[in-house]
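Visitor: I'd like a close look at one part of this model, please. Pick a piece with some real architecture in it, and keep the talk informal.

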Amino acid sequence: MNLLEIENVTLRFGGLVAVDNVSLKVEEGEVFALVGPNGAGKSTIFNLISRFYDPAEGSIRFDGHDLLKNSADHVPSFGIARTFQNIELFEQATVLQNLLVGRHRHRQTSMVSNIIFSPKTYREELGHRAAVEEVIEFLNLQPYRDKMIGGLPYGVRKVVELGRALASEPKLLLLDEPASGLSVEETQDMAFWIEDIQTQMGISVMMVEHDMGLVSAVSGRVMALSDGKELATGTAAEVQSHPAVIEAYLGTGDISKTGTSRT
Amino acid sequence: MDFLQLVISGLANGCVYGLIALGFVLIYKATEAVNFAQGDFMMLGAFVCIGFTNHEYMGLNFWLAVPLSILVMGILGYLFNWGILRHMFGQSQTSIVILTIAMGFIIRFFAGAIWSHEPTSLETPFAGQEIRSGGLVLGIDEVLIVVVTAVLTLAFYLFFSRTRIGLAMQAASQNQLAAYYMGIPVKRIHSLVWGLSGMVAAVAGILFASKGAIDPSTGLLGIKAFAAAAIGGFGSLPGALLGGLIIGLVEPLASRYGPPGISQIAPYAILLLILIFRPGGIFSQTQRKKV
Amino acid sequence: MRFVFKTSYDADISLFKHRAQAVWYGLLLLLVLATPLYFVAIGDAYLLGEITGILILAIAGMGLMLLTGHTGLPSLGHATFMAFGCYININMLGAGVPWVIAFPLSGLIAGVLGTMIALPVLRLHGVYLALATLAMSMLTSDFVVIAEPWTGGIAGAAVPDINIFGMEINRYSTPYKFYYLVLFVAILLVWFYRNLLRTPTGRSFTAIRDSEISARAMGINLTRTKAMSFFLSATAAGLAGALFGHSAGYVTNETFDLVMSITLLLMIVIGGLGFIHGAFFGAIVVGIIPVAIANGRSFLQSTFDMNVNVPGLESALFAFILICFILFEPMGLYGRWLKIRTYFELFPFYRKDMFKRQKSYLKTDRVQ
């Protein structure tokens, strides 16, 4: 069954066509990767799903809901969580607090109930805390639980951001360059986690990634984009050998060697 | 005739507001900081010039005192950034806002301590001279204000759109990191901009004090200048000037033709209304933050 | 160094981190409760009045701290909300509403009014909000004059005494009762504030402060959450305003001016942005400066026969302290206290860069 359906979506910034008539479907339980040179419109598609941008044309449907009819802050409530290309964590808070914000969509209590710390609020907090602990366990974040984000190394922040997205118990996880800036070992961990997220937790994953090693290791289907247009869709191997993709990458060389490029 | 007289004195006032607003916009455009002490810079510039030229102080020749005080204010602006603001690089805008407010208090205190809290006028060679044409009486000071402001605005416009350093200043504001990568010395540029806006403040102050008396609390005029800058949308030099003129015109006209008290409220009410209905200014451009 | 072994989730949720902390705060509570005894003993309640004034400032400061320190929205107009609270309180008391109803209502109405005014500009970025509230501040005095039937205009209005179920409280005739009343309100608000910060509402505020874009991606409605924070903040300011009225006894159109708004903002920065303690530390500094200046002045006069009487010295000194703090101790007095405490806890393993935050380059904020 299709979880996410994007149909004929086009987005223009002034004269620039950032996304040009792109259609794609993410099935339940699959890992779907977007690849392509910088400026191809990969992150833009994420921002369209997150409703940060309004498409000029096309439709985006998720799990039976028309996303275009909802604002950005409603998107998570359907079960979509995401990470950002240039880590957007809450810097002046601890890891624990960051993960707890990820639980926001499950919030049941009102402001007044929070202020007087009603029994209901207390029970809810315990629930959130237990759920977050599972994420901490899964991602091995125990040593950093009460550390401020501001002092953490880059690799850990990347994991915390993944954790924050997982804490919301999503159906679809959008990962924007999960391996960029990570060391080889950290990238390997990331690959294992993505596999576990897919197989154990049953969460579908859509990711933008330059590291073709990671992409071929974890993703079922891959879509290559260039200049906002779809070039090819298929398995990682199929896409890598597709003539249009090779052509698009001619300027930057072989697609498999673009793993280290960062934007 | 009466109406025309009002308009002209309003325009002259408006030019001063416009020049103060120009100072904000310069800084905002280049460093994305908002200088809440710009009005106090203006006041200080006026007092520095008074200190140089008035006979009870140094008694220098007016035409020597003017460039001197502009220079002094330029250096002070540069030093303010170099000595204080530079160390806050990357801190939140709120801290910078608060810091400049605090700076305003300190400037007001020193101006009061050095030049007293009595209203003082600048002694100019053209004080009291008038141009008469028909039934219209124009003070030279008022004409001078309008002319100087027009020239300055044109100069700045050319500076930002034509010169390398002007473009570098713009680039530095859009994205500090990218500008850094492109080899633009962001911090030095910031200091230069502050120096520049100190000089503009001096010009505004000198013009203001040659037309009427000034005292340390005159710096609060800066808040009216915010209204001017808001009309222009904070990013536009001609917009700031136009905003200044609008505020300058509204004040005397409202006090003449409006209900009592309205002219006092008008500039702040305009500021509030603009922020509510046209936060991007009258000529707004739209832009989005990239994620 | 204390290691806190957490054995249940309650350890992360409860008000105090560990038993010792609870004990310390308990002692502090005892101290503030016992303070009036000292003044009873010396038979002069003047200083107690000053302390009460500091507490009132701290209440207003907590309101602003929630907005500026925890939600990241600067306001230069909190004296206006204090004015709302003060005048609404006066009018309700004048209309015969009992104090126990009039007082909380004056805070709530101030909160609603403040939110209604701020709502249109809450969509905008920080500096714009600062400007809008600045404009509001400048207009306050004029509106007090215009609304003369309710405010007494330029002539001013007398504030009625507090009457709680027959118990009369007046700042001068019953200073001890007034102190305990203000203390009660302050402690209640601290408790509310702490509850907020450990629950989803408070977390959504800090999320907005640290990253708006990310907060939205977590499902936080920016405008609604900011409005919520603004409401709570203006409510606290309104309550402080009502108490301030009782403390001053008489208010005019110049009572709640721009200087007061700015003082509140500078105060919480000196105290430490983002910490409840900051509101109290800042209020203490604001309360002490005039006393220190007066003492310094009379000292200079008596020993060196120097007459230092420069207007504006107070605010200049205050501003100077603030600049020093922003430059050398951006976390404020509370931050300094944290560092000293950590130094002794970890002695001799404290490192200088322990509290250092990574400096980031400014990306453009112009989002519209």
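Guide: One bit of vocabulary before we zoom in: two strands count as a pair if DSSP finds at least two bridges between them. Also keep in mind that what you have on screen is a predicted model. Now go to chain A, where strand β3 (residues 31–35) runs parallel to strand β8 (residues 204–208), and the two are paired over four bridges. For a landmark, click on A33(A): across from it, in β8(A), sits M207(A).

Zoom out a little and that pair turns out to belong to an open sheet of six strands in chain A, with mixed pairing. Reading across, the order is β6-β7-β8-β3-β9-β10. The edges are taken by β6 (80–82) and β10 (229–234) of chain A; each has a single partner strand, so one side of each has no neighbour in the sheet. As for twist, neighbouring strands are turned against each other by 15 degrees on average, if you ignore direction.

Next, the helices on this sheet. Helix α1 (residues 42–49) of chain A lies across β3, β6, β7 (172–176), β8 and β9 (221–226) of chain A, and it runs at about 135 degrees to β8(A). Helix α5 (residues 154–167) of chain A packs on the sheet too, touching β6 and β7 of chain A. The direction of that helix makes about 160 degrees with that of β7(A).

For another kind of packing, hop over to chain C. There, helix α5 (residues 99–122) and helix α11 (residues 222–248) pack with their axes 7 Å apart, at an angle of about 140 degrees. That makes α5(C) and α11(C) oblique to each other, because only angles over 145 count as roughly antiparallel. Their crossing is right-handed, and the contact residues split into 16 nonpolar, nine polar and one charged.

Also in chain C, the axes of helix α4 (residues 78–94) and helix α6 (residues 126–146) come within 9 Å and cross at roughly 30 degrees, so α4(C) and α6(C) are roughly parallel. From α4(C), the contact uses T80(C), F81(C), A83(C) and Y87(C); from α6(C), it uses M136(C), S137(C), T140(C) and V144(C). Sorted by type, the residues of this contact are five nonpolar, three polar and no charged.

Notes
Residues are numbered from 1 along each chain as its sequence is written. Chains are lettered from A and ligands numbered from 1 in the order in which they are written. This is a predicted model: local features need pLDDT of at least 70, side-chain atom pairs count only at pLDDT 80 or more; totals for chains, interfaces and linings use all residues. Side-chain values use heavy atoms; hydrogens and water are left out. Axes are lines fitted to C-alpha atoms, for helices over the stretch in contact, and angles run from 0 to 180 degrees between N-to-C directions. Angles under 35 degrees count as roughly parallel, over 145 as roughly antiparallel, 65 to 115 as roughly perpendicular and the rest as oblique. Contact means heavy atoms within 4.5 Å. Ala, Val, Leu, Ile, Met, Phe, Trp, Tyr, Cys and Pro count as nonpolar, Asp, Glu, Lys and Arg as charged, and the others, Gly among them, as polar. A crossing is left-handed if the near helix is turned anticlockwise from the far one by less than a right angle, and right-handed if clockwise.
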